[in-house]
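Here's a short tour of a protein model, written for someone just starting out. Have a look at the picture first, and then we'll go through a few spots together.

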Amino acid sequence: MVWPQLSKIILAMKLTVIIMVAVLTNVSAKTYSQVVTLHQKNASVEKVLRSIEKQTGYHFMYDKQDVSKASAINIEVAGVSLEQALDLAFKDQPLTYKIFQETIVVKKKDVPEATVADIKLSGTVSDSKGPLPGVSVRIKGSDIGTQTDVNGKYNLTVPDNATLVFSFVGYNTQEVAVAGKTVLNVMMAESQKALSEVVVVGYGTQKRVDLTGSVGSVSAKGLQERPQTNLEQELAGKIAGVNVSTNSGAPGGATKVRIRGYSSINTNTDPLYVVDGVVWTEGGNSINPNDIESVDVLKDASSTAIYGTRGANGVILVTTKRGKKGEGTVSYDSYVSVSHMAKEIPVLNSAQFLAVEDQSYANIKKYDPAGWAAGNYVDDDPVKIRTGLIGKLFDSNLKPLYDVDWQKATTRTPVSQNHNLTFTGGTDKINYGFFLNYADDEGIILNSYLKRYNARLTFDNQIKPWLKVGATLNYNAQDQRTADDGTGGNNIPRMLIEMIPIIPIKYPDGSYGKRTDYPNMEGGDNPVAQANEIQAIYRKRIFSGNGYLNVNILPGLEFRSTLGVTTGANYNPHFQSGLVGGATADQANSSASISEANNTFWQWENHLTYNKTFNKVHTLNVVVGQEKQNFQQTGFGASTSGLSDNYYQYYNLGAGSIPGIPSSNYDAWQMSSFFGRINYNYKEKYLLTVTGRQDGSSRFGTNVKNGFFPSAAFAWRASQEDFLKDNKTISDLKFRASYGLTGNSEIGEYRSLANISTVNYVFGGKQAIGTQQTSIGNDDLSWEKTAEYDLGVSLGLFNNRINIEADAYLKKTKALLLNAPLPETSGFTSVYKNIGRLQNKGLEITINTQNIKTADFSWNSSFNISFIKNKILQLGESNDDIFLAPTFLSQFNLMRVGLPAGSFYGYKVLGTWGTAEATEAAKYGLLPGDLKIQDTNGDGKVSSDDKVILGKSIPDGYGTLTNTFRYKNIDLGVDLQFNYGNQIMNLTRHSGQDRTGQANSYATVLNAWTPTNQNTSIAEDRPAFVRYQTEIYSTKVESGNFIRGRAVTLGYTFPTNMISKIKLSRLRVYAQAQNLFVITKYTGYDPEVSTYNTSSNFTQNIQFYDYPKPRTFLLGVNVSF
Amino acid sequence: MKFNLKKYRISSMLLILVILVGSCKKDLVEKNKGNFVKSNYFTNAGQAHAFVTGIYQKLYLFLNGDAYGESPFITIELFAGHTTSLGQSVNNNNVINNRTDAVNPGFEDVWSNSYNAISNANIALAEIPKIGSMADDDKKATMGEAYFLRAFFYYHLVRLYGDVPLIVTPVTLNSPDLYPARTAAAAVYDQIISDLKAAEASGLPETDQTGKVSLGAVRTLLGSVYLTTAGFPLKKTENYALAAAEVLPVLSDYTLFDKYDYLHDNAHKNQGELIFQSQYKVGVVTNAIPQLTLPFNLQVGAYGDHLGAMIPTNGFFNSYDNADLRKQERQFYFSSYPNHNDPTQTINFGVHALYKYFHKESENIGNSAADENWTFLRLPEAMLIYCEATNEVSGPTAAAYAQINKIRARALLPPLSGLSKDDFRTAIWRERYHELAYENKAYFDIQRTHMIYKVGTDTFGDATSTPNEQGVTMKAQYYLWPIPQREISTNSKLTQNTGW
């Protein structure tokens, strides 16, 4: 019996190949709408099939063994459809068929046994949380079945030898033999896929198929595919429309999350985080990603409107892991990683630096002939300078003694680790979970790190059938030492480039080399010394807890009350030793400071949920609730300088000789809200959601404390309609439309008030406190309102092997909380006012395909892309331009009506003036070798009127392509990230390229203008103290397009039968490379960048010396037992 | 179904609780325990004093600036044409070469901060009279300081920008003054004079050594206002006499220092000849004058970066008589200094930097400890106002000679005598340039006299046709600064000054 087995295998293989080909090539294959005529008597099945093959062009596949069991066929049809013909031919045969494209597979029919006496069966289906309504109960091998009612009960007449199939989205399907019983209660277990099927929405959950809004979800597994210490980094690229930029290579990164664009100019555009129903006030980067069961991102207004004034930027709902009923589980997940600097930027080495200096000095006589003649530069002669440093920096031939690569010297190959230990378990009524995490993320710049210790305890108890309570306690301790938050010469990433190579890290006597050891240099300090001698530490201790109470008041009516409290203690000490910060080591340069912020937040939320199905077709879900929120911060700061000894660091501020003025602050806000939602569905076909929220917030003017935010959404599940129900191609089709109004209140506190602040003055040599009115006051200050329209479609093809989800949205923000310019004659520069309009349009497409799926090999692809267009429609009273931070050289971050927010504004560089253009250059007061700037209006001078738009910071599109392959126990994932259409403002070219002679420069200056190299846009070498040009130039604006190999993962899961011998239930090991490559034309460290993260909403892609990005290789293990 | 009484009791209890919580309209009023708001301020004398101190704080605006040397006290000096700027500032170089425009942030800095000070003065003057618990004398004197400061800032505005909006009451979002038009300079000067007269009558002390406004400061400033209004563009020549009379009492209330060092050390702040200064103190507020005025990146003192943002031209330095003490090393200027890193080495600057602003106290500690005061008014200015005003009224007088010769004697220069009215005027102007050099006086002198100092010939020439020692001839538009472009964009009622 070898042959039939083999033929089965071949059949399976053929089938696989055919399905693959069909799926990959033939989404729109033409249908063979064929007519069949058969006249057969006592024919074999094979003969009939061959006849059909000839007539239709379809191919049959079958197992000879099955077919041989069939009896002879008598058939007489003319001009019928293929299906009719086959139905008739197989009517009395033990055979059935299925059509895949042009292939018809014939196989053995499952013949039901002869029916036996029917019995009336009833029972309750429940899960760990209680009765489960809507569960499908079906007799196996038939279409006969029912659904459980709202109490999880069902009634069905069944044959007494039947087997029942219980199925429900998100739960493992169960088959239970009736075996003559009349009552059959079933306990359903949530399937692994549960959370991708059931979606957490505001104040409740919904089945994904019932969603009317746009919600993106990621499971724990999805998040952990690319482990990071920061949740936001793990979220990157997982959901269309959610743009996560990791703007720094520092441990923990400096992430920025933008959901569906940028709907505000001055107001915070960070999304709202809600963890287990409680607003999270300590920032997305302080959530331990390993504690997360799922993340659901509410994107459109119909989903977010239930969060009212805080919904406009999208809402990220985090559901944390909890204990599960069943045998206790212990799992351990861990990884160790090694990183190195992914890219080094070419800078001048010692020989090049000195050559440029020589050339610059020689050029002085061209650029300052009078000063040269007067002998002003005699002491600047490099030969004279270097001669004076023989023995220290130069040998007797004036050759440099040192040639330091500061990028190498200041970075390292750090080893990081992350360990998670989880204990979960539960009984019928109680379940618990205990989660521990230790993470040590070491940065590539010396001494920078992020360490986290996290412990979480969860507990749920079904005290009474109608009462359930639960609680979570969470403690998070996070210590971070940064290396990139200094400014000016104290900025380590800047000094990686600008520290001159001729200075050693340390001299033979052990003292640090300093840039000022070489005359004419700026005072920025040796980056290795800074990394060692400056401690910028951020300590965070978060204690949060929440408890809930669930009461089943009536069947279908549930009350839930949640109380959450979060306290955050931020302790940020800073210490600079006397060895850095000045031209010589001196305790006068030492300083120490401590700043503290202690936050307390509480939220109490109560809501009622009512579920009811009327006449079996009308399903209603109503949520009504109320919520209070209260936040308070007290802060404190003290500083000193001139410490008597470096020993004291920041532990004894009293040891400083020049104490600073202590500071403290108080900040508080409160909110009080009511909300409601009605979900209605008719036969699972037509779905309607209406929500509303009334918010009262302390932040607004006395005239407008309360606002109302409604939304409505409608969805049509076309695939549930009769005409699509049995469609072979389309397995799921849903259209969604929504509209909603959301608000944004994140302007901070006290913005509507006429504040009087203190300032310091001096009388009689002593501090004198003054006060000033610092804001004009606006009693009408109200919410920013964003109206959003969303049209969405979900399409599942070929039994959902291809899933496409697409959403188009239009977001119009009006009554912008604009920090609108005021005439300064008022005494105030601006006022927060509801004025101005902004628009975001976008399209988001997600395509998930299961390209290959066999027992041994599978290949899945996931592709998402988001297109975005942002436009300013209106600004202040007179629509005048507004410039946002940062201001660097000039105001360049332009907000102008008609343009995308965050456009770059400056001069266009046409190149350099050539020798032949000396006369022309002279008109602009310039010489050949100077930069040639476009005189846009042709008025013969270059002034601010000649500035033009040089680019924009917002991309046109971005997305991710992930391919996952699995062969037996081996899995391979390749995750690509892409981004295009934006520019990057590379401000570093100001000091790294525009000028030479006071710091080190980029190697690009080797292409400077010379009489023989005139075709360049880099000015001739000359000391910056004699002459140089620097402005916001087009030469600082670079393309932000890139493709990144974000992660490549190779994993191996040990077979269960192997590991069960050592009492394990799961064991997986994997190796991963993160940030493996970046394809880009951008010349800086990484095109995903901003060094002004906190200064305004539109600082993405503006950089002045960023912390370089690492390339990381990690080894991980997941164990459960 | 069994009816569970207990269940209903609990749930109805909860329902009631929800309704209670929901309906209890807990106030959404913002509480800020760290700062006042206007509605709960001005309840006692202490608050009034603090608010007026807040106006003083705006005096810092002239020293505010950045690491490029774009600081108003430098910008004002660059307009006079005797200063080079070796720093990295594109804007400074544009000013020097008469290529700047209305978007130069320096123009907005002065405008914005001055109006902010005026706004706070308006609030103080409107609110202080309403404070019931404050003594009348105290009210009067406190308001006197506010009047002086309002006049002080308007005086800067009207000279720098010409016709400027005159606002004398607090502005709110609903007030008509939110979008004001420009007021004729003459009316602005009337307000300045009236404010200074109110200050003069408010019972302030003759002198003050703590840094507060004194009667001497009021009189010197009013004298300067009268002198200015007697010149271009108002040409109210009758004000010369008022100027002389105004400053006369000052001449005896203050005394010249023996040493120029005292002008920039910590021990003599607000004393001797110093009439009005902005106040600095290590640990409270420091300034960057030494860093800004030292030559570029030479290790003179521990100032880290040395910016060379305000360096006198050689031409101006050479215009001093060789015998002039002020020209000698480490009097007003210096050209070499021991290297901070290695004091055995001497650094030769190649230029003459301003020793006038060198701060010995901080040379070893650096910027964080630089706290010399910035001088707005000092006795030699009052003396020279007196000389110039009396000369215009009655020609050279003995009293006038006496005053100018005190200044010259201190500089080891021979006394003047027997000059014609014109020659005496020129001598006074020259003395103003040399004595008050780089103290933000020269540009205002050019405005009111329409003459600039020709350093090579030691004479005066027409301001818009005489090239300065940097080869730049001042454009007529440079008699005024432009109205900041931002203000024109924001307020359609404003017009731009001619030429800008």
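How many residues does helix α14 of chain B have, and how far does the helix reach from its first C-alpha to its last? Helix α14 covers residues 421-435 of chain B, so count them up with the 1.5 Å a residue rule in mind: there are 15 residues, and the reach is 21 Å, close to the 21 Å expected. Keep in mind that this is a predicted model.

Plenty of α14(B) is tucked away. Its buried residues include the nonpolar-looking names you might guess, among them B:F424, B:A427, B:I428 and B:W429. But charged letters turn up in that buried list too, including B:R425, B:E431, B:R432 and B:E435. B:Y433 and B:H434 are also buried.

Now hop over to the surface of chain A. Which residues form a positive patch there? They are A:K812, A:R837, A:K841, A:K869 and A:K871. Two strands of chain A, β43 (837-853) and β44 (857-874), each supply at least two residues of this patch. Take A:R837 as an example: this residue sits in strand β43. Its relative accessibility is 36%, so A:R837 counts as partly exposed.

Next, the backbone has some quirks to show you. Two are cis peptide bonds, and each leads into a proline. In chain A, the bond from A:A885 to A:P886 is cis, with omega near -5°. A:P886 belongs to strand β45, residues 882-888. In chain B, the bond from B:F232 to B:P233 is cis, also with omega near -5°. Where does B:P233 lie? This proline is in the loop between α8 (215-230) and α9 (239-253) of chain B.

Then there are two residues with a positive phi, even though neither is a glycine. Here they are side by side:

| Residue | Phi | Loop | Relative accessibility |
|---|---|---|---|
| A:E684 | near 60° | between β33 (663-682) and β34 (686-697) of chain A | 26% |
| B:H450 | about 55° | between α15 (442-449) and β8 (451-454) of chain B | 21% |

Are these two buried or exposed? Something in between: A:E684 counts as partly exposed because its relative accessibility is 26%, and B:H450 counts as partly exposed because its value is 21%. The cut-off matters for B:H450, since buried means under 20%.

Terms used: Residues are numbered from 1 along each chain as its sequence is written. Chains are lettered from A and ligands numbered from 1 in the order in which they are written. This is a predicted model: local features need pLDDT of at least 70, side-chain atom pairs count only at pLDDT 80 or more; totals for chains, interfaces and linings use all residues. Side-chain values use heavy atoms; hydrogens and water are left out. Patches are made of residues with over 30% relative accessible area and no salt bridge: like charges are joined within 9 Å, nonpolar side chains (Val, Leu, Ile, Met, Phe, Trp, Tyr) within 5 Å. Accessible areas come from the Shrake-Rupley method with a 1.4 Å probe; for residues, only the protein chains shown count as cover. A salt bridge is a side-chain nitrogen of Lys or Arg within 4 Å of a carboxyl oxygen of Asp or Glu. The place of a charge is taken as NZ of Lys, CZ of Arg, CG of Asp or CD of Glu. Helices (H or I, at least four residues) and strands (E, at least two) are DSSP runs, numbered from the N terminus. Buried means under 20% relative accessible area, exposed over 50%, partly exposed in between (1.4 Å probe, protein chains only).
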